[in-house]
Amino acid sequence: MNQPFKLPSVLRHIVDAALPPRCAGCGDPVAQDHRFCAVCWSSLRFIAPPWCAGCNRPFAFDRGADARCGACLRDPPRHAGVRAAVVYGPVARSLALRLKYGGRTAFAETMALRMRWLLPAETDLLVPVPLHRRRIWSRGFNQAALIAQALAKLSAVPEDRDVLVRPRRTVVLRGLGGRQRAQVVAGAFAIEAAERVRGKTVVLVDDVYTSGATADACTRVLLRAGARSVTILCWARVLSADRDD
């Protein structure tokens, strides 16, 4: 019996030899796609317990399972936590910017591979933070939606990129303070069909969590539509030094 033709495998080896996998951080050759070289990997600061029971901000030492940071004690969050794979630093920033502005869409899967382990077990639905349609037209894609799509494939949890929308165009938030960001995004989001989130445990997906203004505005809308809870899941989280922890 004739053996099946192996051209796809042959072509794959040729492509691998000509274009070897590259480190997602610096571009040096690595063994497999979506991997990091030793230097970039060691520079990533992964976020894990011990952390705040309210917002998952990491603690320097274990304060107990129910311990909360000063910010959560003063103003308990609406969301059920902020799960971030890494702290926002040079390598994490490089991936986020090259995905968002450089069109390196494969990095969405690179991020999702590290984020999937933080996905709550009881998640019913993945919802990406939406962009205004003009922003999508100019950029060509929504980076949060690409990450949510990759997470859905890795976890088998369904994603819905159309249920949460951004009907009002806002200015770019980069460079604004937390209070200014909150004012800009107030009322910028809406729900298309409340029945698609009602009673569900929702995970809101984004690339970077900065001040929390966008995530808070989305969470408010999702909870108002009847979501049981909303957990934030992102690639990187900015940790400012002025928080009372």
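Which strands does helix α5 (residues 107-115) lie across? In this predicted model, helix α5 lies across β1, β5 and β6, and its direction runs at about 120° to that of β6. To see what that means on screen, it helps to start with the sheet itself.

The sheet is an open one, built from four strands in the order β1-β6-β5-β2, with parallel pairing. At the edges stand β1 and β2 (125-128), each with a single partner strand, so one side of each is left without a neighbour in the sheet. On average, neighbouring strands here are turned by 20° against each other, direction ignored. As for what holds such an arrangement together, strands of a sheet pair through backbone hydrogen bonds, either parallel or antiparallel.

Strand β6 (residues 229-237) is a good place to look next. Eight of its nine residues are buried, which leaves the strand mostly covered. On one flank, β6 is joined by five bridges to strand β1 (residues 82-87), and the two run parallel. Along this pairing, Val82 stands opposite Ile232 of β6, and Val86 faces Ala236. Strand β5 (residues 201-209) also runs parallel to β6, with eight bridges joining the two. Here Ile232 turns up again, this time as the bridge partner of Leu204. Getting from β5 to β6, the chain passes through helix α9 (residues 213-224), and this β-α-β crossover is right-handed.

Back to the helices that pack on the sheet. Besides α5, which lies across β1, β5 and β6, there is helix α7 (residues 143-155), which touches β2, β5 and β6. The direction of α7 makes about 130° with that of β5.

One residue outside the sheet is worth a stop as well: His34, found in the loop between α1 (7-18) and α2 (38-43). Is His34 buried or exposed? Its relative accessibility is 17%, and because the cut-off for buried is under 20%, His34 counts as buried. Leaving aside residues up to four places away in sequence, His34 touches Ala106, Glu109, Thr110, Leu113 and Arg114. With Thr110 there is also a polar contact, side chain to side chain, at 2.7 Å. Helix α5 covers residues 107-115, and the residues touched by His34 include Glu109, Thr110, Leu113 and Arg114, so following this loop residue leads back to the helix that opened the tour.

Methods: Residues are numbered from 1 along each chain as its sequence is written. This is a predicted model: local features need pLDDT of at least 70, side-chain atom pairs count only at pLDDT 80 or more; totals for chains, interfaces and linings use all residues. Side-chain values use heavy atoms; hydrogens and water are left out. Buried means under 20% relative accessible area, exposed over 50%, partly exposed in between (1.4 Å probe, protein chains only). Two strands pair if DSSP finds at least two bridges between them. A crossover is right-handed if, with the strands pointing away from the viewer, the path from the first strand over the helix to the second runs clockwise. A polar contact is a pair of N or O atoms within 3.5 Å; within protein, one must be able to donate a hydrogen and the other to accept it, and residues adjacent in sequence count only if both atoms are side-chain atoms. Contact means heavy atoms within 4.5 Å. Axes are lines fitted to C-alpha atoms, for helices over the stretch in contact, and angles run from 0 to 180 degrees between N-to-C directions.
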